[in-house]
Amino acid sequence: MHRPAPTAASQFWLGVTMFLPVAVSIASYGVVWGVLAGQKGLSVLEVLLMSGLVFAGSSQFVALDSWTPGALPVISIVVATAIVNLRMLLMSATLRPLVAGLSWPKALATMFFVSDEQWAMAMAQMRKGEGSVAFMLGTGVLSWVAWVGATLLGRVLGAFIDDPVKYGLDFAFTATFLALLLGMWKGRTDLVPWLVGALAALLTASMVEGKWYIIVGGIVGSLAGALADQWRARRDA
């Protein structure tokens, strides 16, 4: 007896349900960003607009680091955030098979919700042969709501949280990515791209100013991963 094909609604809510634990972590460091944004002088409206339209945690932290009210270095912020977000091009490209049947407007709207955590979960589902646009939207919409809501909460309550480090909220960002890495672990061969990418990023950070280490680490690690996959395929053959 065959199981009925999953509906778009069931896939959407499956994505929401599976993403809930990650959304809690996103909300944790979203509150941190909101607190820091308030300390930098951003209004509640500015926090809402940046989080809702940019929707990129790491680049928003980078932008906030350069935020100087009254003498805003717009060009520097745009270049820095563009460099940090270049990885989204690679991540979106890997998800293209899921949106191949959609029109350009719908595909672009779907890709707007792509984030590091949501991409990792969508890729895991694709490897199981269970990925879908509805699942992506379920994880993406919840991620967006968690991020925007948490940053607004942090901005409003910033006066009562003078030091996020004191409450351990600064570690939430790191903890999320550690959990994602462990969830994507496929075997010892994964150590090669991870270590190579980390080493390339560290060397770049020590030699080049700015956020180039993120791009270099990602590209070098991806190349190392591709070579490792080829070696693994030949070995299995």
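This passage walks through the aromatic pairs, the nonpolar cores and a surface patch of the structure shown above.

The model is a predicted one, in which local features need pLDDT of at least 70 and side-chain atom pairs count only at pLDDT 80 or more, while totals for chains, interfaces and linings use all residues. Residues are numbered from 1 along each chain as its sequence is written, and side-chain values use heavy atoms, with hydrogens and water left out.

A good place to begin is with the rings. Five aromatic pairs are present, a pair being rings of Phe, Tyr or Trp (its six-membered ring) with centres within 6.5 Å, called stacked if the planes are under 30 degrees apart, edge-to-face if over 60 and tilted otherwise. One of them joins Trp 33 and Trp 147, a tilted pair with 6.3 Å between the centres and 45° between the planes. This pair links distant parts of the chain, as Trp 33 belongs to helix α1 (residues 8-39) and Trp 147 to helix α9 (residues 133-156), 114 residues apart. Helices here are DSSP runs (H or I, at least four residues) numbered from the N terminus. Trp 33 and Trp 147 are both buried, where buried means under 20% relative accessible area, exposed over 50% and partly exposed in between (1.4 Å probe, protein chains only). Together with Tyr 29, these two Trp residues are linked by ring pairs into a cluster.

Phe 112 and Phe 113 offer another example: their planes stand at 80° with the centres 5.3 Å apart, so this pair is edge-to-face. Phe 112 is partly exposed at 33% relative accessible area, whereas Phe 113 counts as buried at 17%.

Trp 33 appears again in the largest nonpolar core, which has 21 residues; Phe 19, Ile 26, Trp 33 and Leu 42 touch the most other members. Such a core is a set of buried Ala, Val, Leu, Ile, Met, Phe, Trp, Tyr and Cys residues joined through side-chain atoms within 4.5 Å. Helices α1, α2 (44-54), α3 (57-65) and α9 each supply at least two residues, and α1 gives the most, with eight. A second, separate core holds 14 residues, including Leu 98, Val 114, Trp 119 and Met 123.

Beyond its neighbours within four places in sequence, Trp 33 is in contact (heavy atoms within 4.5 Å) with residues including Leu 42, Met 50, Phe 61 and Trp 147.

Turning to the outside, Val 156 lies in helix α9 and counts as exposed, at 52% relative accessibility.
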